[in-house]
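New notebook page, new protein. I'm going to look things up one at a time and jot down whatever turns up.

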Amino acid sequence: MEQAKARSDKNHDPRPQHEDEVGDVPRVRNLLLRSMCAVYLMAFVSFYCQAEGLYGDGGILPASRILANGTLKERLSLLQLAPFVGLGHGHEAIDLLCLVGATVAFLGLISRAHCRLLSFIVMWSVYFSLVQIAQSFRQQADHLLLEAGFLCILLAPTRLTDRRHPMEAIALLLLKWLVFRFMFASGSVKLASGCPLWWSLDGLKRHYETMPLPTSYSWYTYQLPDAFHRVSTIYVYLSELVVPWLFFAPSRTVRRFAVWWHVFLHLNIIGCGNYGFLSPLVLTLLVSLLDDEDELVVWVQDRLAVDDTRRRAGRGRTAARQMNSTDDAADRYGGRLVKAISVLMVVGSWLCFSVGVSKDDGQLTFQPTFTQDQYLNVMQTMVRAAPLLVFVLLVKQFLKLLSSQDSVGSLAEGMRQFSKNLGLLISTIVAFTVFFMSIVPHSRLLPSTAVTSPVMTRAYGGLHSLYVVNQYGRHLTKMRPMRREIILEYGDELNGTWHEYGFQYKPWTVERAASLPYGWLHFPRFDFKFYDAAGSKSDAQKWIYPLVQRLLDHQQPVLDLLDSRHVPAEAPRYVRTSLYRFAYTSFADAAAGGFWTRERLTDYFNVFSREDAHLRDKLRQMNFRTAAEQSASGGGGGSWNWLLRWLLDAVRRFVGAIEGSYLLIGLFVAAGMVLYTQQQQQQQRVGQST
């Protein structure tokens, strides 16, 4: 009884609690959540910039078509509530969701007060609703963001506090498992596919030329010697097959080594291609590998903190380091371990790829010393071992969570403890369920390791329908032998001159100024989708039929997705799609001003006109209505809230004048200025109080 009374007195005494909190600031959690808000901001703004042309009533794939005629799973979206606020299913409702999500993300980025559980529930729900209507323009980055966002719901604090959450360690471990699955899947499928380019170590060089939306950085990198590209390919294999195992190392130094290794990798990916928020999201997930006392985490946290948290953390830093002295002692060999790992990777790569020097020209030569069957055997062991390792670590964290629970000395304390433990129990069940279901897509990396249990596959299907658990690694399995591009052309005579529509981000011309633009953090879904279409049969790309119809109708929202300098002033009579072969120029050829050479191969689609019967049949099969049919049926029903529509249209007219990448850069600059102003004001208040 005396011990229970002492604990009760301690719980009611704010001073000892404050002293305990001083050295227990969850900096990694705070930094990761703030970074996730930044990624959400990129995703919402990018979606908003293209929403009207892709999903509006005058867009390529109107959202109303899915919300009215789709399956129950497809119709599960917050957009179904749009009529209750006086908006239909047009682009105004989508704009509202995008602006709400972007606002919550921006507030979470600039203020820890808004970076909590409710905010992440709102952002996940809104983005899930948007991905539901993405249809053919849905990408892998959307799946990864929704899965990471769901895990952040488990990580985010409920109240405005810096105290450590009991679920924090489990949530961070699941985030490590997620980034491990993503990177390991990206690497394992390359050699498992049997693609000769990946086995000859020429895959990365071909990737620079055939990636979805290359930049000028990829062109310059492509010009480097072949030996450099083969060494770089080995570096990619190490990054995706070896280094991810270091994510779970007990040594802080080893994990930091893995973080910086992947930071270098993804900075190069950001420079080479316009992948939008994908690489920033992976970099955010890598924060889960760091410790609260890591120098980088402490430095960032000190500059993000604008309340008394920084002062409390500063006073408690010495105490925290003393508490972590055991960990530091255990990690005193971390530097030597990193050196040993580096030597092993170099020696292993040298042996596995038989690195040598050619006697003819003195160039480095590479030849894999293992067969595909040997590789698959090793991969089977690695695929099966990874979930077992994570399960052991999860059980360890769960037992630690149980041991940290206090005993109770009264009925009131028991009720409070019960309500607290009930929330922990639900969160723990959700966490373990997500982990076990994630084993299903992870096991599918190889046919021989795939889980065949109908119970687990059905349960995974249910979670995958919500994008809580997803499968990765389907890209870059087999490199394309050459780059093909779809070019849209228009004309007024069948045998007359054909003119090309211009694109904002994808290659379409040989002119240097317009061939390799940077999208930076903006994700251009429209241009990105042409990469998938060029590598598949035309019948599989049904979205091109509505695109052609919108071009024939001269719909402005769709024309805004294109380069405005290369669109006709009036609606054309005919539209066709041509398939071209693109290839990088050399340094000598580029002196003339071009990054590309191109050659027309064939028609991708036949010539279409408004009266084309085949086009009308295809649109009818898709339940697609032309502009004339929408006007005849009185489109826009249910949009009675004219004031909200006027406000949303005013925002779109203002924002529409700014290119997506510049809009995002402007928002992040504004966020930085707000954080800087808050910090200066806090320093002034501290100086005055002193």
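**Overall feel.** I started with contacts: among those between residues at least 6 apart in sequence, 77% join residues at least 24 apart. Note to self: this is a predicted model. The protein has 690 residues, and 52% of them count as buried. I also looked up the surface, and the protein exposes about 31,500 Å². Carbon and sulfur atoms supply 59% of that area.

**Helices and strands.** Next I checked the secondary structure, which comes to 29 helices and six strands.

**The sheet.** I went for an open sheet of four strands next. In what order do the four strands sit? I read 4-3-5-6, with antiparallel pairing. Strand 4 (499-500) and strand 6 (596-608) are the edge strands, as each pairs on one side only. A reminder from class: strands of a sheet pair through backbone hydrogen bonds, either parallel or antiparallel.

Then I zoomed in on one pair. Strand 3 (residues 483-491) runs antiparallel to strand 5 (residues 574-584), and nine bridges link them. I picked out one bridge by name: glycine 491 has tyrosine 574, in strand 5, as its partner.

**What lies on the sheet.** Which strands does helix 23 touch? I found that helix 23 (residues 544-553) packs on the sheet and touches strand 3, strand 5 and strand 6. Its direction makes about 85° with that of strand 6. I looked up helix 10 (residues 203-210) too, and it lies across strand 3, strand 5 and strand 6. Helix 10 runs at about 145° to strand 5.

**Cysteines.** I wanted to know about disulfides. A disulfide is a covalent bond between the sulfur atoms of two cysteines. How many disulfides does a search of the whole structure find? I got zero. Why does cysteine 98 have no bond to cysteine 49? The closest cysteine sulfur to that of cysteine 98 is in cysteine 49, but it is 9.0 Å away, so that's too far for a bond; the cut-off is 2.5 Å. I checked burial as well: cysteine 98 has a relative accessible area of 1%, so I put it down as buried. Cysteine 272 is at 5% relative accessibility, so it counts as buried too.

**Helix 29.** Last lookup: helix 29 (residues 660-689), with 30 residues. At 1.5 Å a residue it should span 44 Å, and its end C-alpha atoms are 44 Å apart, so the two agree. I also listed buried residues in helix 29, among them Gly660, Ser661, Leu663, Leu664 and Ala671. Further along helix 29, Leu675, Gln679 and Gln682 are buried as well.

Technical notes
Residues numbered from 1 in each chain as written. Predicted model: local features only at pLDDT ≥ 70, side-chain atom pairs only at ≥ 80, totals over all residues. Heavy atoms only, no water. Helix = DSSP H or I, 4+ residues; strand = E, 2+ residues; numbered from the N terminus. Expected span 1.5 Å × (residues − 1). Buried < 20%, exposed > 50% of the residue type's maximum accessible area, 1.4 Å probe, protein only. Pairing = 2+ DSSP bridges. Contact = heavy atoms within 4.5 Å. Axes fitted to C-alpha atoms, helices over the stretch in contact; angles between N-to-C directions. Areas by Shrake-Rupley, 256 points an atom, 1.4 Å probe, with all protein chains shown as cover.
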